[in-house]
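Hello,

Here is the structure we talked about passing on. Please look it over; my notes follow below it.

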Amino acid sequence: MCLELSLPHLTLGGMNSLEGQFLVAMPDMVDERFAESVILIVGHGSEGAMGLVVNHELAEVRFADILDELDLGDPDAVIRLPDSIRERAVMRGGPVEKGRGFVIHSADYHSSNTYPVTDDIGLTATLDILKAMAFGPAPNAYLFALGCCGWSPGQLEAEIGANGWLTAPFDRDLLFSVPVEQRYEHALASLNITRASLSTEAGHG
């Protein structure tokens with residue numbers, strides 16, 4: 001695993017920006033990489049869009065593996081970390097730049113490298129935040145992902161127009177508190193719909 005932490009250029013959201021909102025895959029999503037995905041849009045503007053999948057874990061990777069890979073801290077200190085930190089899940093953020101790491105976190109953590117996604121959350125991709133997550137002071141809430149999703153100008157809008165995605169408002173609980181395996185259904189429920197009703201509606205499309 002070759003891991004890099006650095007933020008790509010993120011465009012500022014415009015009047016119709018989806019920045020800070022969720023994309024929820026329709027049940028008939030043909031691209032298996034995004035099936036049943038919930039994606040937080042962290043950047044959206046005239047240059048395209050960027051997002052992170054927040055409901056699919058990398059089964060073979062845990063946070064302790066990232067710390068080892070990047071040689072962050074004394075190995076003995078890493079071993080002594082509580083399991084709640086060592087075994088924390090790493091999200092499969094998307095198929096683009098799979099070796100790049102991103103941390104979505106609560107606004108109580110901020111650095112000069114933090115990109116504000118909403119008033120409540122930021123995006124940081126530097127080693128300092130990984131050290132804070134491991135050894136403190138950590139953000140009150142955070143989610144770590146490897147890889148991201150990217151759309152060229154107009155591509156995301158076209159996919160939404162073709163009924164590939166639903167959009168849902170920001171939900172802090174969905175991002176940080178709801179169990180990973182329940183986030184897809186939770187996102188649908190926030191729109192007062194279910195997987196079954198979506199499938200029926202899609203069949204009539």
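How exposed is E97, in terms of relative accessible area? The model is a predicted one, and in it E97 has a relative accessible area of 37%, which makes it partly exposed.

The question came up through the charged pairs. Side chains of opposite charge can pair when their charged atoms come close. A search of the whole structure finds three salt bridges.

E97 belongs to one of them: its side chain meets that of R100, with 3.1 Å from N to O. R100 has a relative accessibility of 10% and counts as buried, because the cut-off for buried is under 20%. This bridge therefore joins a buried arginine to a partly exposed glutamate.

Another salt bridge links R33 and D31, where the closest N and O atoms are 2.7 Å apart. R33 is partly exposed, at 45% relative accessible area. D31 also falls in the partly exposed class, at 23%.

The remaining bridge is between the side chains of R62 and E57, at 3.3 Å from N to O. R62 has a relative accessible area of 22% and is partly exposed; with the cut-off for buried at under 20%, R62 therefore does not count as buried. Its partner E57 is partly exposed as well, with 33% relative accessibility.

When you open the model, the pair to start with is R100 and E97, then R33 and D31, then R62 and E57.

Regards

Note on methods. Residues numbered from 1 in each chain as written. Predicted model: local features only at pLDDT ≥ 70, side-chain atom pairs only at ≥ 80, totals over all residues. Heavy atoms only, no water. Salt bridge = Lys/Arg side-chain N within 4 Å of Asp/Glu carboxyl O. Buried < 20%, exposed > 50% of the residue type's maximum accessible area, 1.4 Å probe, protein only.
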